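Me: I should like to learn how to read several features of a protein model. Please give the general idea in each case and then apply it here.

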Amino acid sequence: MTAPDHEVDVLRAGVAGTAADVPAQALDETPEDGQRLQLFAYLQAPEHRTYLAIMRLFTSTLLADLSAGEVAAALAAAEREGRVAPGESDVDTVIDRLKRLVKWGNLVVGRRETIASSIAEFQHGSVRYQVSKLAVRVQRDVDALLRVPEGAREVSRELLPAIDRGLAAIRTALADALAAEARDPDAKPARQARERLAEQVTTVFLQHAELAATVRDFYAYLGQVVTRHQLAPEEISGFRNLLVEYIQMVVEDVLRHTETIAASLAGLAEARSELLRLLGPADQLGTDVERARGRTAADWQELTDWFVDSPGRPSQVAALREATARAIGSLLASVKRATSGGGLVPGRRGELLKLAKWFDSADEATAHRLHSAAFGLHSARHLQPAPDHDTDNDRVPWRDGPVLDVTVSVRSRGDRGARGRTSRVLDDPMTEETLLAEAREADQRRSAAVAELAAAGPRLGAEPLSPDALGVLCELLTLAMAQREGPDEQGTALDPVHRLRVTVRPAEGRHTEIASAAGVLTLRDTVLELSGDGAVPQEQGAAR
């Protein structure tokens, strides 16, 4: 049986904007960025374990279409195994979790005809939920992130010769496709040639994406370990082998294949328009679809920029060489610190690690005696009342208290003395006079700009403003707009030195235009008012 379900209609209307496709634009130009970022909200929710179990249930199969009862039955097994909190498999709780996922845009609502023995069973069974496209990507990335180990990731060096051969195969397939199209564009050989060309392009871009991802992950791990100040001797030995042997092998492979890859990309750049035409949009899916990589000129430009330097923008190959040089330099600095007389090896690090091991294996009474013997700290006896504590107190464990920043000299040598000598303060009257003159000139220019704005107050926009006056106006205009809680409210800003006030009022249908040498500033549906004479007020003592 079927019946109108007001709840389903409300949920469907609430997520209509979420399911809409967004045009591919730059991140700073897309108005739906805030709505898309809500797809990650369930990861920081207090019930994130339940949300993760629900999203994994929806993304584990293709075209998942589940009701609240089916989700509750699946969560019951997870609750028995302890993977979710007790009570999360209750149907009412599951419905609340599903509604929140719909609100965030991770799920979309559907309906299906169902046979039920009661109204409650019908309501739970007729409302169906499906996962959205972007939510599948978010959950896929989350699961991949949770499976990533903390260590380094191997660079897929074997993909470099594969990319080299793939680009050569693309040039051959492109020539064959153009020749087959010249004979008969609708014949079967022409279609097969286009399919082979698309196969080669997709393969090359997938291989490059995997190579670029492994290089980024490996150097991210390398950057976080070689810049550490405290490295044990065995860690230094391991990183030395990693840098000297493995990175050298990676860089040599990249440099060896870069030249031939760059030559192949240069040859394909001349026929890029024909290549993109043969890889045109799929008619079966329409035009508003997410294409595979390699179907746009931007994709090919990105691939070229990875291997080939351009004016003002070095390639990723050059960045890889520079990052390798910095990593080797950081390792050499760590080796120098560790082997020098004031370095880490003869310092306090080994002693502190041994003491920590003793604390870990000691019982409570032994730990107290060990603490007193190691640090010379004993329980205090106070005759006065206890002072007020600013942050922590005796009820806060030391591991939860504030963290003290220990300097390098104390951490490595146990020395609190200041290093070096204090530099002398030099008297430079010429530099002082120059700075004072620049400050006076800046004050004069601002005073002139404010006076110009005050004179043009009633007829603002009739004459072009100077660059200084426009800068002061934009500064006060920004402060005035920042004071408004909404677009329908009035905002004001005051220059306290020159007594100039700027007021911004919303006015439907009225526009304010301000001309300057840089162009025309137009404020739509807004009235801008200037008040004040712009003069610097005299001090009261001088006035008297």
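Me: How much area does the chain expose, and what share of it do carbon and sulfur atoms supply?

Reply: Accessible areas come from the Shrake-Rupley method with a 1.4 Å probe, and for residues only the protein chains shown count as cover. Here the chain exposes about 35,300 Å², with 54% of that supplied by carbon and sulfur atoms. The model is a predicted one, in which local features need pLDDT of at least 70 and side-chain atom pairs count only at pLDDT 80 or more, while totals for chains, interfaces and linings use all residues. Residues are numbered from 1 along each chain as its sequence is written, and side-chain values use heavy atoms, with hydrogens and water left out.

Me: What share of the residues is buried?

Reply: A residue is buried under 20% relative accessible area, exposed over 50%, and partly exposed in between (1.4 Å probe, protein chains only). Of the 544 residues in the chain, 32% are buried.

Me: Where does Leu477 lie, and is Leu477 buried or exposed?

Reply: Helices are DSSP runs of H or I with at least four residues, strands are runs of E with at least two, and both are numbered from the N terminus. Leu477 is placed in helix H19 (residues 467-482), and it counts as buried because its relative accessibility is 7%. Contact means heavy atoms within 4.5 Å; beyond its neighbours within four places in sequence, Leu477 is in contact with Val504, Leu521, Leu523 and Leu528.

Me: What surrounds Ser132?

Reply: Ser132 sits in the loop between strand E3 (127-131) and helix H8 (133-147), and is buried because its relative accessible area is 14%. Not counting residues up to four places away in sequence, Ser132 touches Gly105, Asn106, Leu107 and Val108. A polar atom of the Ser132 side chain lies 2.9 Å from the backbone oxygen of Gly105.

Me: Why is a probe used to look for empty space?

Reply: Rolling a probe the size of a water molecule over the atoms shows where empty space is left. On a 1 Å grid over the protein atoms alone, a cavity is a set of points where a 1.4 Å probe fits but cannot get out, and lining residues have an atom within 4 Å of a point. The structure holds one cavity of 30 Å³ or more. The largest cavity is lined by Leu265, Leu268, Ala269, Arg272, Leu275, Trp300 and Thr304.

Me: Which element gives the largest share of that lining?

Reply: Helix H11 does, with three residues.

Methods. Polar contact = N/O pair within 3.5 Å; in protein donor to acceptor, adjacent residues only side chain to side chain. 1 Å grid on protein atoms, 1.4 Å probe; cavity = no way out; pocket = protein on both sides within 12 Å on 5 of 7 lines; lining within 4 Å. Points joined across faces, edges and corners; volume = space filled by probe spheres on them.
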